[in-house]
Structure formats: structure tokens, C-alpha cells
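Visitor: I'm new to this one, could you walk me through it? Let's have it up on the screen.
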Amino acid sequence: MTIVTANTPEIVVSIDVPKVRRFSVEDYHQLLAVGFLQEGDRVELIQGELVDMAAKGTKHIFCCQELLAILPDRVREQAISRCQDPIILSANSEPEPDFAIVRLAPDRYRERKPQAEDVILVIEVSDSSLEYDRTVKSSLYAEAGIEHYWIFNVLDRQLEQLRSPIQLANGTYQYATRQIHLAHQTVNLPDPLSGAIVLAEVLA
Amino acid sequence: MTIATIHTAEITPSIDGPNVRRFSVEDYHQLLAVGFLQEGDRVELIQGELVDMAAQGTKHIFCCQALAEQLHILLYQKAISYCQAPILLSFNSEPEPDLTVVRLVPDRYRERKPQAEDVILVIEVSDSSLEYDRTVKSSLYAEAGIEHYWIFNVLDRQLEQLRSPIQLANGTYQYATRQIHLAHQTVNLPDPLSGAIVLAEVLA
């Protein structure tokens, strides 16, 4: 009897951790096409892993609802505001940020998903996912070169504005500047957008 | 036989752990006066606790020495820079930052220690103490109202510049803005100082 060994390039031999299968964006779409994943499933593809999106708390829902009431109007004729829709960032990352403000394109993204270079600002509203959004998501968006990433931290009632992605000496990606804004402040949308958000209106 | 109980106002009952004795700055000076602590002991008073200062690695020592030299030249007759000398921040905190830049005053601090309002910039050089310097020290300096706090992170070869202390909604203190500078960059000293530091010259 012979044991056939399959060699796949994705499998890395490791002593203390079992091998984890990483999916490409293509695999991910196939899982949707064959019905293994449904369109309504609350899952996103982050660095090859299928990550369940956290259940939303009341403050998260409120913040999303108010941002949704404000953003499309604020960026009208300057950009398009998309809510919990996928963006393609790399061969193995297709996250669904709470909001992505993308450049106006002639086709208005009729037949494609926005990519990193289309994104002006990406927004996550965070309660239970705060640590994940500050670490994994932050380095994901920074590596993709997205200039502006805002975390609406509804637990601490503050906006954490990140900008200027850089690669650190250890090879990882991060945002060079982080600025905290408290709930009584008003913040301007980044260039080339105009308009402002009164934080008290969205941070319950 | 009677057991005498010592009551001190600082003891807070706690459910999950023994009470920890917190020292005031006055207690701390007494411990020095009676010889329990020696002037050369590598210890500092942080929020009532006697905290051992970490042993300094080679990169830490190099960075401190190079910074002290540059600051000495840049600040001549504009401000005073101290190396590992105590500053008085509250009734129970007397840290000894790696470097402190204080305002020029007529008495040149002949008979007193600098306090928070004298400080223009406080600097920690961090290797093994990085997490402590980013969390406990950061909120300590922010609560004291020190406008500028710089962490020379010698492990990752970057400067983490913190400025604009604020009180968050949860009551804790933090710096509103954090900016990361990589080793190939040059940074200006904060107002009202002038002059710049070439990071490659201090981050080994």
C-alpha cells in the first residue's frame, strides 16, 4: 500500500500549530457560487480566513443607522458611500467594512467591486470587535494603501482617526498617525471630500 | 497580646486581591532619608508604587547617550535637559524619565524638582519597558498635562510622538494624537524649542 502525499503550495509545515487552509478571493467566490456560503451570511474574507462578523450591539446599530442617514448626502456628487458591501483588497482579502467611501467612477461600480485605489475612506463601527479592528483590520487597510481609516469606537464614545499608512521596520503595516476625537467634537471628512460630522449625533 | 493595625487612608479594599500599600511622594522621600532606599537605586515612584526600572540594553544606552548629546547642543541657553532625573507629577508620582526638557527658570531648579508645568517634553527610551511606557507612563504624563511625550522605541527603530493630553469618556487620560516616525526621518523639537533630531543618529 502506498500513501499518496499531496503537495500544495499553501501548506506551511509548522511544529506546534495545525495547518490552516487559506482561501483566495477566487475560492471565496466559488464557495458562494456553489451555495456553501449564502449572500446573507455575515462572513468576510480577511487574509485568507473566513471571519465571522460579530453580532452588533444596540450602540453599533444606532451609529451605523445615523452614519447611513448622514454620509450618502454629505458625499453626494463627490463620492459614493457604500454600507457593509465588499471591497477587494488583495488576492486573499475581501472585507465588508461598515462604510466605504469610494471615488465616483463613470460606471458607478456597476459590474465590479471597488478596490483599494478606489477607496477614499474606510469606516468600521466597533463594539465587541474593537481589538480586531484596531490590529488586524488596521494593518490590512494600511497594507492595501488606504489613506484614511476611521474607527467609531462606540464603547468609549470616541472616533479613532488613522491616516498615512506606512511599513514599519519589522515589515508590518500600520498607520503613522492616530488621532482621537471625543463625542463633543466635529470632524471634517478627508480630502477631496468636504463636509463634516458632528460626533454627538452618531455616538449614542 | 494585642496586634496593632496600621490604618492608612490609601488602602482601598479589593475583592479579588490583597491590598497594596501605596506610597506618597513624602513617604518616598522618607524611605530615602532613612536609608531604606539609596540615591543610586534604580527605582521610581509611579502612582504610589515603587517600580524597579528595567536594566538598559545596549541600544537603549546608545540612544540615551546620543539624545542627551544632541539635546544639550540644541537647547543651549533655550531650555534645560535632564537625564534620568526625578520630576514631581502628583502627590504620589515622581518618575525619572530618560530625558526631560524643562523651561529655563531664573533659579535653574537649584532647590526644587521640576513639576509638570515646567516640562516642555518628556522622553522615554524603550526596549523591554515598551508596553509599560505606552500604557502606564503615557496615561501618567497625560494626566499631569504634559503636552509632548516621545517614546524612542529602539526595538522597532521608530519614534512614537504623543501630544495633546485628553481625558477619555471612561475617565482615563491619554494623548489624542500619536504619530510614528521611522528611522530615516528627521523630527522637529516642539514649540517653543527649535532644532531637529535626525533619527538615524539616535536609533542604532
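Visitor: Which residue stands opposite Thr177(B)?
Guide: Gln179(A) stands opposite Thr177(B), which lies in strand E8(B); please keep in mind throughout that this is a predicted model.
Visitor: And how many bridges join E8(A) to that strand of chain B?
Guide: There are 3 bridges joining E8(A) to strand E8 of chain B, residues 173–182, and the two strands run antiparallel.
Visitor: OK, stepping back, how many residues does the contact take from each chain?
Guide: Chain A contributes 16 residues to the contact, and chain B contributes 16 residues as well.
Visitor: How much area do the two chains bury between them?
Guide: Chain A and chain B bury about 1,300 Å² between them, and 49% of that is on carbon and sulfur atoms. Within chain A, the residues that lose the most area to chain B are Arg178(A), Ile180(A) and Leu182(A), which together make up 36% of what that side buries.
Visitor: What about salt bridges and polar contacts, how many of those?
Guide: The rule finds 0 salt bridges across the interface of chain A and chain B, whereas it finds 5 residue pairs in polar contact there, with both residues at pLDDT 80 or more.
Visitor: Which elements of chain A give two or more residues to that side?
Guide: Those are strand E7 (158–167) and strand E8 (173–182) of chain A, and E8(A) gives the most, with 8 residues.
Visitor: And by class, what is on the side of chain A that touches chain B?
Guide: That side of chain A has 7 nonpolar, 6 polar and 3 charged residues.

Methods:
Residues are numbered from 1 along each chain as its sequence is written. Chains are lettered from A and ligands numbered from 1 in the order in which they are written. This is a predicted model: local features need pLDDT of at least 70, side-chain atom pairs count only at pLDDT 80 or more; totals for chains, interfaces and linings use all residues. Side-chain values use heavy atoms; hydrogens and water are left out. Contact means heavy atoms within 4.5 Å. Buried area is the accessible area (1.4 Å probe) that two parts lose on being put together, summed over both. A salt bridge is a side-chain nitrogen of Lys or Arg within 4 Å of a carboxyl oxygen of Asp or Glu. A polar contact is a pair of N or O atoms within 3.5 Å; within protein, one must be able to donate a hydrogen and the other to accept it, and residues adjacent in sequence count only if both atoms are side-chain atoms. Helices (H or I, at least four residues) and strands (E, at least two) are DSSP runs, numbered from the N terminus. Ala, Val, Leu, Ile, Met, Phe, Trp, Tyr, Cys and Pro count as nonpolar, Asp, Glu, Lys and Arg as charged, and the others, Gly among them, as polar. Two strands pair if DSSP finds at least two bridges between them.
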